[in-house]
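This report describes a protein model together with its ligands. The sequence and structure are shown first.

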Amino acid sequence: MFKNWFGWIAGICMLSVALMVGYGFAQDDEMVIAHKEVFKRLERAPVVFNHEKHVEVLGDEACAQCHHVYNEEEGKLVYEEGEETGCADCHGLKDEKMNDGSTKPSLMNAYHISCVKCHRKLAKAGKKTGSYTCGECHVKVNWKLINTEGAHTEGE
Ligand code: HEC
Ligand code: HEC
Ligand code: HEC
Ligand code: HEC
C-alpha cells in the first residue's frame with residue numbers, strides 16, 4: 001500500500017522536476033544523477049541511483065537515512081516526512097560555514113559522505129551493499145544517459 005503510494009507520488013514528483021533539475025531516468029526506478037546546473041562541466045560520469053531499490057532494502061526508516069531538513073531553532077538536521085527534496089536544493093558548489101560553526105558540505109561532498117559512508121558501514125558489517133570506488137559509481141557508460149552538452153565527454 002505504502003509502497004504503491006510512494007511510487008506514484010515520487011514518480012510524479014520526479015518526473016515533473018526531472019527536466020528542470022539535474023537528473024533524468026535510465027529505467028523505471030533509476031535516477032541518473034548529473035547536476036550540470038551546479039557542477040557545470042562534469043568531471044566524472046553520471047551516477048545511476050536506484051531510489052526504489054534503496055527504499056525497499058533499507059526498510060521503514062529508509063527515508064530518514066538520506067533525507068533531512070535543517071531545523072534553525074535547534075540548529076540541527078532532522079527528518080520530516082513529506083519534506084524530502086533534492087539535495088541540490090540546499091547543497092551548492094562549495095562547502096558553507098553555518099552560523100553554529102559547523103559546515104554544510106558541498107553537493108559533491110554531501111553525496112559522497114551520505115552514499116559512501118553507508119556503503120562502507122554495511123560492507124564492514126558484512127552486509128550486501130553498494131560500491132565505494134569511484135569507477136563503480138561514476139560508470140563511464142553512463143555518459144550515454146545524459147545529454148552531454150555542457151558536460152565533459154569521455155576522454156576529454
Ligand atoms: C557511492 C557512489 C559514489 C562514489 C563511490 C563516488 N562518487 Fe563521486 N559523486 C557521486 C554522486 C551521486 C555525485 C553527484 C553527481 C552529479 O550530480 O553529477 C558525485 C559527484 C562527484 C563529482 C562532482 C561532479 C563532477 O562530475 O564533476 C566529482 C568530481 C566526483 N564525484 C568524483 C569522485 C571521485 C574521484 C571518487 C572516488 C574517490 C568518487 N567520486 C566516488 C557518487 C559517488
Ligand atoms: C539511499 C538514500 C535515499 C533513500 C533511502 C531515500 N531517498 Fe529519496 N532521494 C535520494 C536522492 C539521492 C534523491 C535525488 C536527489 C538529487 O539528485 O538531488 C532523492 C529524491 C527524492 C525525491 C524527489 C525530490 C525532488 O524534489 O527532487 C523524493 C520525493 C524522495 N526522494 C522521497 C523519498 C522518500 C519518501 C523516501 C522513503 C520512502 C526516500 N526518498 C528514501 C535519496 C534517498
Ligand atoms: C532543506 C535543506 C537540505 C536538503 C534538502 C538536504 N540537505 Fe544535507 N544538509 C543541510 C544543512 C543545512 C547541513 C549542515 C548541517 C549542520 O551543519 O549542522 C547539511 C548537512 C549534510 C551532511 C553532513 C552532515 C551529515 O549528516 O553527515 C550530509 C552528508 C548531507 N547534508 C547530505 C545530504 C543529501 C545526500 C541530501 C539529499 C538526499 C541532502 N543532504 C539534502 C541541508 C539540506
Ligand atoms: C543508508 C544506506 C545507503 C545509502 C545512504 C546509500 N546506499 Fe546505495 N546501497 C545500499 C544498500 C544496502 C545496497 C545494496 C542493495 C541490494 O542490491 O540489495 C546499495 C546498493 C547500491 C548500488 C548498487 C546496486 C544498485 O543497482 O542499485 C549503487 C549503484 C548505489 N547503492 C548507489 C548509491 C548512491 C549513488 C547513493 C547516494 C545518493 C547511495 N547508494 C546511498 C545502501 C545505501
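The sections below treat the model and its confidence, the fold, the core, the ligand shells and two individual residues.

## Model and confidence

The structure is a predicted model. The mean pLDDT of the protein chain is 84, and 76% of the residues score at least 70. Residues 148–156 form a stretch with pLDDT below 50. Beyond near neighbours in sequence, this stretch makes 15 contacts in the model.

## Overall fold

The protein chain contains 6 helices and 7 strands. Read from the N terminus, these elements follow the order α-β-β-α-β-α-α-β-β-β-β-α-α. Among the contacts with a separation of 6 or more, 35% join residues that are 24 or more positions apart. Of the 156 residues in the protein chain, 10% are buried.

Helix H5 (107–124) comprises 18 residues. The distance from its first C-alpha to its last is 25 Å, close to the 26 Å expected at 1.5 Å a residue. Gly126 follows H5 and has a positive phi, near 75 degrees.

## Nonpolar core

The largest nonpolar core consists of 7 residues: Met31, Val32, Ile33, Ala34, Leu42, Val48 and Ile146. Strand S2 (residues 30–33) is the element that gives the most to this core, contributing 3 residues. As a general background, nonpolar side chains in soluble globular proteins tend to be buried together.

One member of this core, Leu42, is also listed among the closest residues to ligand 1.

## Surroundings of ligand 1

Ligand 1 is surrounded by 23 residues, and the closest of them are His35, Leu42, Glu43, Cys134 and Cys137. Helix H5 and helix H6 (134–137) each supply at least two residues of this shell. The contribution of H5 is the most, at 6 residues.

Sorted by class, the shell around ligand 1 has 13 nonpolar, 8 polar and 2 charged residues.

## Surroundings of ligand 3

The shell around ligand 3 has 21 residues, of which Cys87, Cys90, Ser102, Ala110 and Ile113 come nearest. Two or more residues of this shell come from each of strand S4 (69–71), strand S5 (76–78), strand S7 (103–104) and H5. Here H5 gives the most, with 4 residues. H5 thus gives the most to the shell around ligand 1 and also to the shell around ligand 3.

By class, the residues around ligand 3 divide into 11 nonpolar, 7 polar and 3 charged.

## Lys40: backbone and exposure

Lys40 is located in the loop between helix H2 (36–39) and strand S3 (47–50). Its phi is positive, about 65 degrees, although Lys40 is not a glycine.

Is Lys40 buried or exposed? Lys40 has 11 C-beta neighbours inside 10 Å. A residue is exposed if 12 or fewer such neighbours are present, and Lys40 therefore counts as exposed.

## His138: a long-range neighbour

His138 lies in the segment after H6. With 18 C-beta neighbours inside 10 Å, His138 counts as partly exposed, because that class lies between the limit of 12 or fewer for exposed residues and that of 20 or more for buried ones.

His138 and Pro46 are separated by 92 residues in sequence, yet their C-alpha atoms are 5.7 Å apart in space. When neighbours within four places in sequence are left aside, the contacts of His138 are with Arg44, Ala45 and Val47.

Definitions and conventions. Residues numbered from 1 in each chain as written. Chains lettered and ligands numbered in written order. Predicted model: local features only at pLDDT ≥ 70, side-chain atom pairs only at ≥ 80, totals over all residues. Core = buried A, V, L, I, M, F, W, Y, C linked by C-beta atoms within 7 Å. Near = placed C-beta within 6 Å. Nonpolar A, V, L, I, M, F, W, Y, C, P; charged D, E, K, R; others polar. pLDDT = per-residue confidence, 0-100. Contact = placed C-beta atoms within 7 Å. Expected span 1.5 Å × (residues − 1).
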